[in-house]
Each structure stands twice: as C-alpha cells, then as structure tokens.
Amino acid sequence: VAISGLTAGDTDPDSLALLAQDFLTGQRAAVEVERASPALCEPLTLIGPLRTANAGSAAPLSIRFTEAAGTPFKGGQDLMFDIAAPDFPAHLQVDYFTSDGDVIHLLPNPLEVSGRVEAGAVRRLGERGAGGRFWSVGPPYGHELIVVIASPTPLFPSPRPEAEAASSYLPALKQALDSAAPTTVATARFLKTKAP
C-alpha cells in the first residue's frame with residue numbers, strides 16, 4: 001500500500017506508516033508525504049464546494065500540464081498549461097498561489113483582460129509568441145498551487161492587480177464567490193518547483 005501526497009502540517013511519515021499498519025494487517029505501507037505551505041490550504045478550502053460541483057459535471061473544468069504528472073518545474077522553465085473549459089460559456093479566473101504567500105493572477109492579466117471561453121474550449125496559458133502573457137518559474141521554490149474558477153460572469157468587476165498578497169486577495173475572493181452564480185465551478189492543481 002502506498003500513501004502519498006502533501007501535508008501542510010508537521011506530519012511525520014513514520015507515524016503515518018504506523019497508523020496505516022493498524023488498518024492493514026500483514027501489509028507494509030510505503031509513505032511518500034511532502035510538506036507544503038499551510039498558506040495553500042485556505043484557497044483550497046474556499047473553493048471546496050465548487051470543486052465538488054465540478055467533479056460531478058459531465059464535462060469538468062480541468063488543468064492539463066504538458067509535463068508528466070509529478071514532474072517538477074525547474075527555475076527558468078516556462079509555466080505553460082491548458083485549461084479545458086466546462087460545458088457552459090465561462091469567464092475564467094486563474095490564480096497562481098506561491099509557496100511564500102503571494103498570488104499571481106494569470107488570467108485576467110494586463111495583456112488579456114478577458115478570461116472568456118466557449119463551452120468545452122481549451123485555452124492555453126503561458127505560450128511564448130502567442131501574443132499573451134507568459135511566465136517563467138523562479139524562486140521561492142517549493143509546492144505551489146494553481147486555482148481555476150469558471151463562472152458565467154466575471155468574478156470581479158475589474159481585473160485585480162497582477163500580483164498581490166494572498167491574505168489580501170482571499171477575503172475579496174470569498175466575497176465574490178458568495179455572490180457568484182450557482183453554476184460556478186473550480187479546480188486546482190499542485191505543482192512543485194525547484195532550482196535549476
């Protein structure tokens with residue numbers, strides 16, 4: 001039995017293995033748990049109900065990396081990924097939460113003020129030469145989080161600053177989500193970044 005994932009606390013892998021053995025008579029548990037910043041828990045908690053709604057959708061909103069799952073992004077590497085839109089015309093809010101407590105708003109951004117996509121469309125973000133914004137991975141390195149929210153209307157009346165402290169953004173996001181349409185959905189993906 002393999003136990004893997006991220007924890008925001010000080011969970012000891014050995015204690016997880018012992019706990020697993022209490023439930024797995026005669027089997028050993030291989031534990032590969034890494035620590036992530038506790039600051040990444042709040043955005044996940046905030047979008048929890050929207051992620052549940054998305055998971056139950058026939059055509060869910062999704063984030064697709066071109067790299068193999070679990071492959072770390074190295075410093076200097078371009079951050080590029082695809083977003084598959086849900087089954088309704090939507091406005092995307094794409095946020096990148098860093099390991100040190102900031103958030104970068106990937107969409108909308110100063111070059112792409114509209115995050116509108118058609119139902120089922122695939123939108124690539126971060127492609128150099130496509131006329132839009134692109135980003136390169138840089139410090140601080142660690143586990144980081146991309147959150148995508150799809151709503152029938154934009155979540156904010158005007159774009160947020162391109163980068164801000166997550167502690168300033170999350171209360172505004174909560175307020176926006178509290179008044180968002182009931183069809184609003186969300187998804188999230190962790191990624192690991194490391195020095196080149």
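## Two strands side by side

Let's start with one pair of neighbours in this predicted model. Strand 6 and strand 10 run antiparallel, and 4 bridges join them. Pick out Asp82 and you can find its bridge partner in strand 10: that partner is Arg124.

Strand 10 covers residues 122-125, and its two faces are not alike. Arg123 and Leu125 make up the covered face, while Val122 and Arg124 sit on the uncovered one. So much for the labels; which residues does Phe81 touch, if we skip those up to four places away in sequence? The list is Ile63, Arg64, Phe65, Val94, Leu106, Arg123, Arg124, Leu125 and Ile146.

## The whole chain

Now zoom out. You'll find 4 helices and 14 strands in this chain. There are 196 residues, and 40% of them are buried. The accessible surface adds up to about 10100 Å², with 55% of that belonging to carbon and sulfur atoms.

How do the contacts spread along the sequence? Take the contacts with a separation of 6 or more: 77% of them are between residues 24 or more positions apart.

## Two nonpolar cores

The largest nonpolar core has 24 residues, and the members that touch the most others are Leu79, Phe81, Leu92, Val94 and Ile146. Several elements chip in two or more residues each: strand 3 (62-65), strand 6 (81-84), strand 7 (90-97), strand 8 (102-107), strand 12 (142-151) and strand 14 (185-194). Which of them gives the largest share? That's strand 7, with 4 residues.

There's also a second core, separate from that one, made of 21 residues. Leu44, Phe97, Leu145 and Ala166 are among them.

## Rings that pair up

Time for the aromatic rings. The structure holds 4 aromatic pairs. In one of them, the ring centres of Phe97 and Tyr169 are 6.4 Å apart and the planes meet at 40°, so this pair counts as tilted. Phe97 belongs to strand 7 and Tyr169 to helix 4 (residues 166-178), which lets the pair link distant parts of the chain, 72 residues apart. Both Phe97 and Tyr169 are buried.

Tyr169 has another ring partner, Phe156. This pair is tilted too, at 5.9 Å centre to centre with 45° between the planes. Phe156 comes from the loop between strand 12 and strand 13 (163-165), and Tyr169, in helix 4, is 13 residues away from it in the chain. Phe156 is buried, just like Tyr169. Phe156 also has a charged residue over its face: Arg160, at 5.3 Å from the ring centre.

Elsewhere, Phe65, Phe73 and Phe81 are linked into a cluster by ring pairs. You've met Phe81 already, as a residue that touches Phe65.

## A glycine in a loop

Last stop: Gly126, in the loop between strand 10 and strand 11 (135-136). Is Gly126 buried or exposed? Its relative accessible area is 5%, and buried means under 20%, so Gly126 counts as buried.

What is Gly126 in contact with, once neighbours within four places in sequence are left aside? Its partners are Leu79, Met80, Arg133, Phe134 and Trp135. Leu79 is a name from the largest core, where it is listed with the residues that touch the most other members. Gly126 and Leu106 are 20 residues apart in sequence, and their C-alpha atoms are 8.6 Å apart in space.

How values were computed:
Residues are numbered from 1 along each chain as its sequence is written. This is a predicted model: local features need pLDDT of at least 70, side-chain atom pairs count only at pLDDT 80 or more; totals for chains, interfaces and linings use all residues. Side-chain values use heavy atoms; hydrogens and water are left out. A nonpolar core is a set of buried Ala, Val, Leu, Ile, Met, Phe, Trp, Tyr and Cys residues joined through side-chain atoms within 4.5 Å. Buried means under 20% relative accessible area, exposed over 50%, partly exposed in between (1.4 Å probe, protein chains only). Contact means heavy atoms within 4.5 Å. Two strands pair if DSSP finds at least two bridges between them. Accessible areas come from the Shrake-Rupley method with a 1.4 Å probe; for residues, only the protein chains shown count as cover. Rings of Phe, Tyr and Trp (its six-membered ring) pair if their centres lie within 6.5 Å; planes under 30 degrees apart count as stacked, over 60 as edge-to-face and the rest as tilted. A charge sits over a ring if NZ of Lys or CZ of Arg is within 6 Å of the ring centre and within 35 degrees of the ring normal.
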